[in-house]
Amino acid sequence: MPAELSRISVTAKLAAYYRQFSDIAFATEVATRIGANDAFEQILQHYGLDRDRLTFYAPMFEARYKSITQLIRKSGASQILELASGYSLRGLDLTRGDSIRYVETDLPDVIATKLSLLDDVRQQHGMAPSPLHTVTVADALDFEQVRTAAAVFDRGQPLMVLCEGLIGYLTKEETERLTLNVHRLLADLGDGWW
């Protein structure tokens, strides 16, 4: 794998690449701004893959994203913590109303890019930042960072924790650590992990 594309970066950029072919809010803008097409080309070249044999991933990424968004809406959850949110702008989309507080976390490089991306998208669409939408650095495998990110939530309200697509890229030990972190957090704050 090219040095500039870490395992996490590849995952986030692939998701953005495939989402651009859908009607997901802001997906095309995200893919363009983060260079998802160039990243996809690098992956194809590095692994000698055939683009046409990978098209089946696009509906999977779209369906997963939309299914999770639908679950959030149907659940009535008013507080969402998304671990390893990547370049998804679900938090921006869902906090356009006044009913959901959404905190997104990821590793420092992803968050730096995402904050710039959010500024660009908000400016393009004439959207002011929402006090209900927070984007912050937190490694999902570090409990103290996760707890700090979740500190803005109302302890009296249920909390939904979401980590779309993350677990498939973790080792068994990392998955156990993530599970323990979420369990500890929910014991203090809420009641849902998606």
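**Exercise 1. Decide whether Glu62 is buried, partly exposed or exposed in this predicted model, and find its salt-bridge partner.**

Step 1. Begin with accessibility: Glu62 has a relative accessible area of 22%. Partly exposed covers the range between 20% and 50%, so Glu62 is partly exposed.

Step 2. Now look for a partner. The side chain of Glu62 meets that of Lys66 in a salt bridge, with 2.7 Å from N to O.

Step 3. Place the pair on the fold. Both residues belong to helix H4, four residues apart, which is about one turn of the helix. Lys66, at 33% relative accessibility, is partly exposed as well.

**Exercise 2. Work out which parts of the chain the salt bridge between Arg64 and Glu164 ties together.**

Step 1. Check the contact: the closest N and O atoms of Arg64 and Glu164 are 3.1 Å apart.

Step 2. Locate each end. Arg64 lies in helix H4, while Glu164 sits in the loop between strand S4 (160-162) and helix H8 (172-189), so the bridge ties together parts that are 100 residues apart in sequence.

Step 3. Compare the surroundings. Arg64 is partly exposed at 27%, whereas Glu164 is buried, with a relative accessible area of 10%.

**Exercise 3. Do the same for Asp93 and Arg73, then find the network that Arg64 belongs to.**

Step 1. Asp93 and Arg73 form a salt bridge whose closest N and O atoms are 3.8 Å apart. This pair links distant parts of the chain, with Asp93 in helix H5 (residues 90-94) and Arg73 in helix H4, 20 residues apart.

Step 2. Asp93 is buried because its relative accessible area is 16%, under the 20% cut-off. Arg73, at 48%, counts as partly exposed.

Step 3. Follow the shared partners: Arg19, Arg64, Glu82, Arg90 and Glu164 are joined into one network of salt bridges. Across the structure, the count of salt bridges comes to 13.

**Exercise 4. Describe the largest cavity and what lines it.**

Step 1. There is one cavity of 30 Å³ or more, and the largest cavity holds about 60 Å³ of space.

Step 2. Inspect the wall. Its lining residues include Arg19, Phe26, Tyr65 and Tyr87. Helix H1 (7-19) and helix H2 (27-34) each supply at least two lining residues.

Step 3. Sort the lining by character: nine residues are nonpolar, one is polar and one is charged.

**Exercise 5. Find the partners of Met60 in a nonpolar surface patch.**

Step 1. Met60 is in helix H4 (residues 57-75) and is partly exposed at 40% relative accessibility.

Step 2. Together with Phe56 and Tyr57, Met60 forms a nonpolar patch with about 290 Å² of accessible area.

Note on methods. Residues numbered from 1 in each chain as written. Predicted model: local features only at pLDDT ≥ 70, side-chain atom pairs only at ≥ 80, totals over all residues. Heavy atoms only, no water. 1 Å grid on protein atoms, 1.4 Å probe; cavity = no way out; pocket = protein on both sides within 12 Å on 5 of 7 lines; lining within 4 Å. Points joined across faces, edges and corners; volume = space filled by probe spheres on them. Nonpolar A, V, L, I, M, F, W, Y, C, P; charged D, E, K, R; others polar. Patch = residues over 30% accessible without salt bridge, like charges linked within 9 Å, V, L, I, M, F, W, Y side chains within 5 Å. Areas by Shrake-Rupley, 256 points an atom, 1.4 Å probe, with all protein chains shown as cover. Salt bridge = Lys/Arg side-chain N within 4 Å of Asp/Glu carboxyl O. Buried < 20%, exposed > 50% of the residue type's maximum accessible area, 1.4 Å probe, protein only.
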